[in-house]
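Hi everyone, thanks for making the time. Please bring up the structure on your screens, and I'll walk you through it.

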Amino acid sequence: MVQEHTARFVADKQIPAAPPPRSESGAIAWLRTNLFSGVFNTILTLLGLYVIYLVMAGITPWLFLDSVWNASSLSNCREIDDGACLAVINERWLQFFFGFYPDHLRWRPSLTFALLFVSLYPVLFSSAPRKLLILSAAYPLIAYWLIWGGSIWGPVLVAAALGIGFLIVQYGSRALANVMDEGVAFLTSVGLAIIAAVLWWLFLVVPLDDLLTSIVNIGLEPVESARIGGFLLSLILGFTGIAGSLPIGICLALGRQSNLLIIKAFCTGFIEFIRGVPLITLLFVASVLLSYFLPPDTEFDLILRVIIMVTAFASAYMAEVIRGGLAALPRGQYEAADALGLDYWKSMRLIILPQALKISIPGIVNTFIGLFKDTTLVSIIGLLDPVGILNPIRADQNWNGIVWELYGFVALFYFIFCFSMSRYSMYLERKLETGHR
């Protein structure tokens, strides 16, 4: 009888694991841990919710319930309702996006914007087809041709200079390595490639462009830079500065740590000078002072001058961010690269830089976000970015006096792009995380 009684309590199968209590996982656990973990935190949470309620109670009716989307003027909006006069956004949204770009040519910046995402896809996500990197490399010249128009031979000749420079580095470094140190040979070939590309751009691009255009005229209708504005201008300045500042910043950071005196002095001087001057001063130099140092009757596009200054400014800050990542690496990583018999460039490319860039991701993205927001400063020198485009809109008699709706719309645009960059940096950090917390 005892044996039969005890056999009833013997499990004859595996008992599945029970889910954790609701109070220990999920949303309830998160609320208890982060918002209601004590009396003081509970009081702060309730006060915060009350403040949010007051703010939303004032904004929601004004922005959503009582807003006016169809009206001919600010006074007409007020006659319809006392909410947000979003009719100005409804009427002028094309001007916000394209500035004064010709109406019949707006398909070109739209196509450029679409190609931007296609070209960024293989750069930002490793799962993308690697063949798309060809489009990523060619995108800057394609975008320039689509937006500004003109002959197609100009961008082709600019790309040809880059190809010539690549050949000089590829074969020149091998030839010079027979008579000098391999690292010095590489730097010498890079210098020769830069000189050759600059000479090509200064003296051969324009004559060859005119010659080829006279033979085979393939091109788009030209558009003046003065007609480019709005979000289009911000994207041009922001993404060009971001794309240019990262490789230049890497070179400056490596140059500042170089043992070669001239290279180290040049990189250090450039970084310290640019970081010691406000961006607005560099923009004034680009728009006003630079023309005094150019030969008479020289045409140097204002947007191109601003792009150069913005890229140089961001590159100096980027160099210091990357130098911090290089300094954060343990000395053993450098010694391990030397122990493997790797030369300087291979050790940097395969071991040092990948780790330094991973460490520097938050600082790099922070610099990108700051650069993208700083593009609004170009309104001070007369360029019609989204902030500058507000002046002609507010000068219109129909919309004179409207403020919150316009600036809120511009703020929303910058928030979307900056928040997206922040989210991507967090995704990249999680993807590259290899250590243990």
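**A first look around**

Let's start with one pair: the side chain of Arg-256 makes a polar contact with the side chain of Glu-320, at 2.9 Å. Before going further, please keep in mind that this is a predicted model.

Where does Arg-256 sit? It is found in helix 11, which covers residues 230-256. Is Arg-256 buried or exposed? With 16% relative accessibility, Arg-256 counts as buried, because buried means under 20% relative accessible area. Setting aside neighbours within four places in sequence, Arg-256 is in contact with Lys-264, Cys-267, Thr-268, Ile-271, Glu-272, Glu-320 and Arg-323.

Now let's zoom out. The protein has 19 helices and 2 strands. Its radius of gyration is 29 Å, well over the 22 Å that the globule rule gives for 437 residues, so the protein is more spread out than a compact globule. If you turn the model around, the C-alpha trace spans about 105 × 80 × 45 Å along its principal axes. Buried residues make up 33% of the 437 residues. As for the surface, the protein exposes about 26,500 Å², and carbon and sulfur atoms supply 68% of that area. One more overall number concerns contacts between residues at least 6 apart in sequence: 68% of these join residues at least 24 apart.

On to the inside. In soluble globular proteins, nonpolar side chains tend to be buried together. Here, the largest nonpolar core has 78 residues. Which of its residues touch the most other members? They are Phe-96, Ile-228 and Leu-326. Helix 14, residues 302-328, gives the most to this core, with 12 residues. Apart from this core lies another one, of 5 residues, and among them are Leu-157, Ala-161, Ala-197 and Trp-200.

Let's stay with Leu-326 for a moment. Leaving out neighbours within four places in sequence, Leu-326 is in contact with Ala-253, Leu-254, Gln-257, Tyr-334, Ile-352, Leu-353 and Ala-356.

Phe-96 takes us to helix 5, residues 87-98, where Ala-87, Val-88, Ile-89, Arg-92, Gln-95, Phe-96 and Phe-98 are buried. What do the buried residues of helix 5 pack against? Their partners are helix 4 (74-80), helix 6 (107-124), helix 11, helix 18 (390-395) and helix 19 (404-432). So helix 11, the home of Arg-256, turns up again as one of the partners of helix 5. Right after helix 5 comes Gly-99, whose phi is positive, near 65°.

Last stop: the cysteines. A disulfide is a covalent bond between the sulfur atoms of two cysteines. How many disulfides are there in this model? The count comes to 1. Cys-77 and Cys-85 form a disulfide, and their sulfur atoms are 2.1 Å apart. The torsion about the S-S bond of Cys-77 and Cys-85 is about 60°, so this disulfide is right-handed. Both Cys-77 and Cys-85 are buried.

Cys-251, on the other hand, is in no disulfide. The nearest cysteine sulfur to that of Cys-251 belongs to Cys-267 and is 8.3 Å away. Cys-251 is exposed, with a relative accessible area of 53%, whereas Cys-418, at 10% relative accessibility, counts as buried.

That's the tour, and thanks for listening!

Terms used. Residues numbered from 1 in each chain as written. Predicted model: local features only at pLDDT ≥ 70, side-chain atom pairs only at ≥ 80, totals over all residues. Heavy atoms only, no water. Core = buried A, V, L, I, M, F, W, Y, C linked by side-chain atoms within 4.5 Å. Buried < 20%, exposed > 50% of the residue type's maximum accessible area, 1.4 Å probe, protein only. Helix = DSSP H or I, 4+ residues; strand = E, 2+ residues; numbered from the N terminus. Contact = heavy atoms within 4.5 Å. Disulfide = S-S within 2.5 Å. Rg over C-alpha atoms; globule rule 2.2 N^0.38 Å. Areas by Shrake-Rupley, 256 points an atom, 1.4 Å probe, with all protein chains shown as cover. Polar contact = N/O pair within 3.5 Å; in protein donor to acceptor, adjacent residues only side chain to side chain.
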